[in-house]
Amino acid sequence: MNFLVTGGAGFIGSAVCRHLCANPAYRVTNLDKLTYAGNLASLRPIENAHNYRFERADICDERAVLEILRRDDIDIVMNLAAESHVDRSIDGPGAFIETNIVGTYHILNAALDYWRGLSEECKSGFRFHHVSTDEVFGDLPFDSGMFVEETPYAPSSPYSASKAASDHLVRAWHETYGLPVVLSNCSNNYGPYHFPEKLIPLVILNALDEKPLPVYGAGANVRDWLFVEDHARALELVATKGRPGESYNVGGNSERTNLGVVQTICDLLDLRRPRAGGASYRDLITFVTDRPGHDRRYAIDASKIARDLGWAPKENFDSGLARTVDWYLDNKWWWEPIRGERYNGERLGQGAIDNSPIESRKVAT
């Protein structure tokens, strides 16, 4: 079975490539534009694998995508190419419109052209798997409700709006043209090889550098956390076993407040890499002005993928976070060049807000 993974040098995409290449019956082509968050070092474990190849290309380039589809006899497209950081979408939404909406339009056109030229047998086995986010659903009250596949879309940020638009395009290409598509919407991912602009790696690396650990607002916003390797297994199932036209929510059943996540990371580091003088990393926690349009809570009901495809996460949040912290402690070679050359922990997505700490409130330790 031949896969085309777009965005395969990103965080989730590289996890998918590493997971798929472990199966010798699969061949994986990784298509990535290599923007700031794309990192071929994340593919080092498979870069010499017999069933893996990398192509630097843009999903907006229909001709290039179509040539790759035909050359590699692709059976399944897994579209993970996306701009994905909410804060960056606040500062510069144009890139999110271009990649997440226009890019999805172009890769759908290329896939449709390719699919129409296949034999009837190959047509029936072809899938276009579009990977999306729970943020398209908006937010939930702190004390009730979960996102299901039928939850109406209500995006809050330029990022989530762009992903919502791409989801609608994929469904339209299925309904209008018959392209066999499947979709998945996931909760917050975490794990190894995560670009350090996101909360968990940012906190780990800021702590190691003895820098402030920024927490937006009061830190009460709640997210459901999904270990990236569990997500990769789910995506393989959706792509290979999912029913055309269906969508599947993927979650880790691990809701935590943002403040709770930061505190847990501090506690893990206190045990593994104690600070000089014996102080806790919790003392570095600093509350900063909240970002605009910050959703209160996300929570995924993953019962459909469990029931229909037999998927369940292997990691709970405590075990997955411990693995993640240990990975960052052991793999300075991967993250140190990023912190030195591309992103050193500065705040993004400020717009017109004041980034000064909120008075000097301290966290109860």
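Where is Glu 246 placed: in which loop? Glu 246 sits in the loop between helix 8 (228–241) and strand 10. Keep in mind, as you look around, that this is a predicted model.

## Glu 246 and its partners

Let's stay with Glu 246 for a moment. At 24% relative accessibility, it counts as partly exposed, because that value falls between the 20% limit for buried and the 50% limit for exposed. Its side chain pairs up with that of Lys 304 in a polar contact of 2.5 Å.

Who else touches Glu 246? If you skip the neighbours within four places in sequence, Glu 246 is in contact with Val 181, Val 182, Leu 183 and Lys 304. Take Leu 183: along the chain, Glu 246 and Leu 183 are 63 residues apart, yet their C-alpha atoms are separated by 6.4 Å.

## Ser 254, in another loop

Move along to Ser 254, which you'll find in the loop between strand 10 (247–250) and strand 11. Is Ser 254 buried or exposed? Its relative accessibility is 6%, so Ser 254 counts as buried.

The side chain of Ser 254 reaches the backbone oxygen of Gly 252, at 3.0 Å. Setting aside neighbours within four places in sequence, Ser 254 also has contacts with Arg 223, Asp 224, Trp 225, Asn 316 and Phe 317.

## Helix 9

Next up is helix 9, which runs over residues 258–272. How does its length hold up? Its 15 residues, at 1.5 Å a residue, should span 21 Å, and the C-alpha atoms at its ends are 21 Å apart, so the two values agree.

Plenty of helix 9 is worth a look from the inside. Its buried residues are Asn 258, Leu 259, Gly 260, Val 261, Val 262, Gln 263, Ile 265, Cys 266, Leu 268 and Leu 269. What covers them? The cover includes helix 7 (199–208) and helix 11 (317–330), along with strand 8 (213–216), strand 9 (222–227), strand 11 (255–257) and strand 12 (285–288).

## Ser 319 on helix 11

Helix 11 is part of that cover, and Ser 319 lies in helix 11. With 27% relative accessibility, Ser 319 counts as partly exposed.

The side chain of Ser 319 makes a polar contact of 2.5 Å with the side chain of Glu 315. For a longer reach along the chain, try Phe 227: Ser 319 and Phe 227 are 92 residues apart in sequence, and their C-alpha atoms are 9.5 Å apart in space.

## Asn 51

Now jump back to Asn 51, in the loop between strand 2 (27–32) and strand 3 (52–56). Asn 51 has a relative accessible area of 4%, so it is buried.

What does the side chain of Asn 51 reach? It reaches the backbone oxygen of Asn 23, at 3.3 Å. Asn 23 also turns up among the contacts of Asn 51 when neighbours within four places in sequence are left aside; the full set is Cys 21, Asn 23, Pro 24, Tyr 26, Arg 27 and Val 28.

## A cavity

Finally, how many cavities of 30 Å³ or more does a search of the whole structure find? The search turns up one. The largest cavity holds about 40 Å³ of space.

Its lining is made up of Val 86, Glu 135, Ser 156, Ser 157, Ser 160, Arg 291, Gly 293, His 294, Asp 295 and Tyr 298. Sorted by class, the lining of the largest cavity has two nonpolar, five polar and three charged residues.

Definitions and conventions:
Residues numbered from 1 in each chain as written. Predicted model: local features only at pLDDT ≥ 70, side-chain atom pairs only at ≥ 80, totals over all residues. Heavy atoms only, no water. 1 Å grid on protein atoms, 1.4 Å probe; cavity = no way out; pocket = protein on both sides within 12 Å on 5 of 7 lines; lining within 4 Å. Points joined across faces, edges and corners; volume = space filled by probe spheres on them. Nonpolar A, V, L, I, M, F, W, Y, C, P; charged D, E, K, R; others polar. Helix = DSSP H or I, 4+ residues; strand = E, 2+ residues; numbered from the N terminus. Expected span 1.5 Å × (residues − 1). Buried < 20%, exposed > 50% of the residue type's maximum accessible area, 1.4 Å probe, protein only. Contact = heavy atoms within 4.5 Å. Polar contact = N/O pair within 3.5 Å; in protein donor to acceptor, adjacent residues only side chain to side chain.
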